Amino acid sequence: MKKIVALVLVLVLCAAFAGCSKSEEKADVKGEGVMTYAQYIAADFDTEVVVETYVQAKQSWWDNKATFYTQDKDGAYFLYEMPCTEEEYNKLTKGTKIKVTGYKSQWSGEVEITDAKFEIEEGSYTASAFDATSLLGTADLEKHQNEFVAFKGMTIDAYDETGAAFAYKNDAEKTDDLYFKASKDGKSLDLCVEFYLTGKDTDVYKAVEGLNVGDTVDIECFLYWYNGANPHVVAVTKK
C-alpha cells in the first residue's frame, strides 16, 4: 500500500514539474509577427517594432501616458511615454505580459520604444537582478541597457567639488531627482534616483539622502543610458 501511495505522489510531482516546464516554454515562445530580442536590437531606428515583454516597473502616470521598464528573458525594452488610461496603467502591474507595437528610437544613447500601443496578454515574468559589476568600464555593459541589474561592493564618491555624497536636481526645494556617484576598482558610475519612478517617500530616496562619501553599498537599478550608463536606482543597501 505504501509503495502505491509513493508511486502516486511521484506521478503527481512529475506532472506538476512537467506543467511548469511547459509554462516556461510557452513564456519563451513569441507570438506570430513578434520580434525576438535579437531582431529588435538589429532593427533600424525609426522603424516599427513589435515585441512581447513583461512590465518590471513604471513611472508615474500623467496626461494619459506613462513610461515603463520592461524585460523578457533575453533583454529589456524601455517604453517611453506609452499612451494608456489611468485604469489601464493600474492593470499594468509588475510581471504583466504585454504585446507592444511602436517605433524603435534613440535619445542621447538611450534605446527606447516610442509612439507605442499595447495589448495585455496571458503570462507573467519577473526578472532577477543581473550582476553587472564586472562589466563596469567595458563595452559589454551597454549590451544590458535597460535591464534590471546590480552593482555590488561599490564605494560612494564625492558627487562634486563640494564633497557632498549626492545632489538634488532641485536644490532649492530639495525635491525631484537625486544624483550620486559610486565606483569600484577605479571604475566610476553616475547614478540617478528618478523622482517619477521612486519619489521622496520611497526607501531608496531616503537611503541615498543618508549616504556618506566612502560608504560601501550594493545597488539595484534599471540600466538607463544617457550619454553613457546612467542607471535609475531602485535599491541601495549599505554594507
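A residue counts as exposed when its relative accessible area is over 50%, and as buried when that area is under 20%. Keep those two cut-offs in mind while looking at this structure, which is a predicted model.

**Salt bridges**

Let's start with charged side chains. A search of the whole structure turns up seven salt bridges, and three of them are set out here.

| Pair | Closest N to O distance |
|---|---|
| D63 and K65 | 3.9 Å |
| E87 and K91 | 4.0 Å |
| D218 and K239 | 3.0 Å |

Take D218 and K239 to begin with. Their side chains meet in a salt bridge at 3.0 Å, N to O. This pair ties together distant parts of the chain: D218 sits in strand β11 (residues 216-222) and K239 in the segment after β12 (232-238), with the two 21 residues apart. Is K239 buried or exposed? K239 has a relative accessible area of 67%, so it is exposed. D218, on the other hand, comes in at 18% and is therefore buried.

Now for E87 and K91. Why are these two separated by about one helical turn? Because they are four residues apart in helix α3 (residues 86-91). Both E87 and K91 are exposed.

The D63 and K65 bridge pairs a buried residue with an exposed one again. D63 has 53% relative accessibility, so it counts as exposed, while K65 is buried at 19%. There's a bit more going on here too, as D63, K65 and E81 are linked in a network of salt bridges.

**The largest pocket**

Next, have a look at the largest pocket, which holds about 450 Å³ of space. It is lined by 20 residues, and the closest to its centre are Q59, Y80, E194, Y224 and H232. Where does this pocket lie? Domain 1 (37-124) and domain 2 (130-238) both give residues to its lining, so the pocket lies between them.

Several strands take part. β2 (65-71), β3 (76-83) and β9 (175-184) each supply at least two lining residues. Of these, β3 gives the largest share of the lining, with three residues. What mix of residue classes does the lining have? Sorted by class, there are 10 nonpolar, five polar and five charged residues.

**Aromatic pairs**

Finally, the rings. The count comes to 14 aromatic pairs. One of them is Y69 with F78: the ring centres are 5.2 Å apart and the planes stand at 70°, so this pair is edge-to-face, the label for planes over 60 degrees apart. Y69 and F78 are both buried.

W107 and Y226 make a tilted pair, with 5.5 Å from centre to centre and 35° between the planes. The two rings come from distant parts of the chain: W107 belongs to strand β4 (residues 96-107) and Y226 to the loop between β11 and β12, 119 residues apart. W107 has 47% relative accessibility, so it counts as partly exposed. Y226 is partly exposed as well, at 40%.

Some rings gather into a group: ring pairs link Y69, F78, F148, F222 and Y224 into a cluster. Y224 may ring a bell, since it is also among the residues closest to the centre of the largest pocket.

Conventions:
Residues are numbered from 1 along each chain as its sequence is written. This is a predicted model: local features need pLDDT of at least 70, side-chain atom pairs count only at pLDDT 80 or more; totals for chains, interfaces and linings use all residues. Side-chain values use heavy atoms; hydrogens and water are left out. Buried means under 20% relative accessible area, exposed over 50%, partly exposed in between (1.4 Å probe, protein chains only). On a 1 Å grid over the protein atoms alone, a cavity is a set of points where a 1.4 Å probe fits but cannot get out, and a pocket is an open set with protein on both sides within 12 Å along at least five of seven lines; lining residues have an atom within 4 Å of a point. Grid points are joined across faces, edges and corners, and a volume is the space filled by probe spheres set on the points. Ala, Val, Leu, Ile, Met, Phe, Trp, Tyr, Cys and Pro count as nonpolar, Asp, Glu, Lys and Arg as charged, and the others, Gly among them, as polar. Domain bounds come from an automatic or database domain assignment. Rings of Phe, Tyr and Trp (its six-membered ring) pair if their centres lie within 6.5 Å; planes under 30 degrees apart count as stacked, over 60 as edge-to-face and the rest as tilted.
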